[in-house]
Amino acid sequence: MKKWALGGLIVLVALFVLIQIVPYGRDHTNPPVTQEVKWDSARTRDLAVGACYDCHSNLTTWPWYSNVAPMSWLIQKDVDEGREILNFTEWNRPQESESDEIVEVVREGEMPPWQYEPLHPAGRLSSSEQGELALGLERTLAADPPAAGTSEPGSGREDGDDD
């Protein structure tokens, strides 16, 4: 029995070392901020930074474990998808999410996702913080709605446009 356990452990360690060779999950770039949303308050921004910015901005914090597969794969996928759906620091480009959809996922507790919370204390919102963030987002997005149109050059708002 010990022989099988030792053999299994050796295989697992070898597999772990082998998957580190896969290049996906190490593209830890933070593209430049082109235009940040105009927040209704510093408090809303602080809550959003703690709960949303790692996946929904170009100001991602890349922890050490984001370099270790398979965690690196999951984190890279979440950041890539998050930035595409909603990016608070590329507000001049069209966003895939509608304003009411953004507020609703926060209000319903769907964001931040459960897997984000254990390693990100600022992402663990209390019920009152969740409501505060949802209300702040609602006010922010009413005053500074996401760019409309397609993501082709020349569509949507340009940097510096004030609606």
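# Salt bridges, cores and a helix

Trainee: Which residue forms a salt bridge with E132?

Mentor: A salt bridge here is a side-chain nitrogen of Lys or Arg within 4 Å of a carboxyl oxygen of Asp or Glu. For E132, the closest N and O atoms of the pair are 2.8 Å apart. The partner is R43.

Trainee: Before we go on, what kind of model is this?

Mentor: Residues are numbered from 1 along each chain as its sequence is written, and side-chain values use heavy atoms, with hydrogens and water left out. Local features need pLDDT of at least 70, side-chain atom pairs count only at pLDDT 80 or more, and totals for chains, interfaces and linings use all residues, since this model is predicted.

Trainee: Back to R43, then. Which residues are linked with R43 in a network of salt bridges?

Mentor: One link is the E132 pair we just met. R43 also has a salt bridge with E129, where the closest N and O atoms are 3.8 Å apart. That pair joins distant parts of the chain, with E129 in helix α6 and R43 in helix α2, 86 residues apart; helices are DSSP runs of H or I with at least four residues, numbered from the N terminus. So the residues networked with R43 are E129 and E132.

Trainee: Is E90, the partner of R93, buried or partly exposed?

Mentor: E90 and R93 form a salt bridge with closest N and O atoms 2.9 Å apart. Buried means under 20% relative accessible area, exposed over 50%, and partly exposed in between (1.4 Å probe, protein chains only). E90 has 18% relative accessibility, so it counts as buried.

Trainee: Which element gives the largest share of the largest nonpolar core?

Mentor: A nonpolar core is a set of buried Ala, Val, Leu, Ile, Met, Phe, Trp, Tyr and Cys residues joined through side-chain atoms within 4.5 Å. The largest one has 18 residues, and W39, F88 and L137 are among those with the most contacts inside it. Two or more residues come from each of α2 (42-51), α5 (99-107) and α6 (127-143). The largest share, 4 residues, belongs to α6.

Trainee: What do the buried residues of α4 pack against?

Mentor: Helix α4 covers residues 71-85, and its buried residues are S72, I75, Q76, V79, G82 and R83. They sit on the same side of α4 because they cover an arc of only 140° around the axis, taken from the directions from the helix axis to the C-beta atoms. Counting contact as heavy atoms within 4.5 Å, the packing partner is α3 (53-56).

Key: The expected span of a helix is 1.5 Å times one less than its number of residues.
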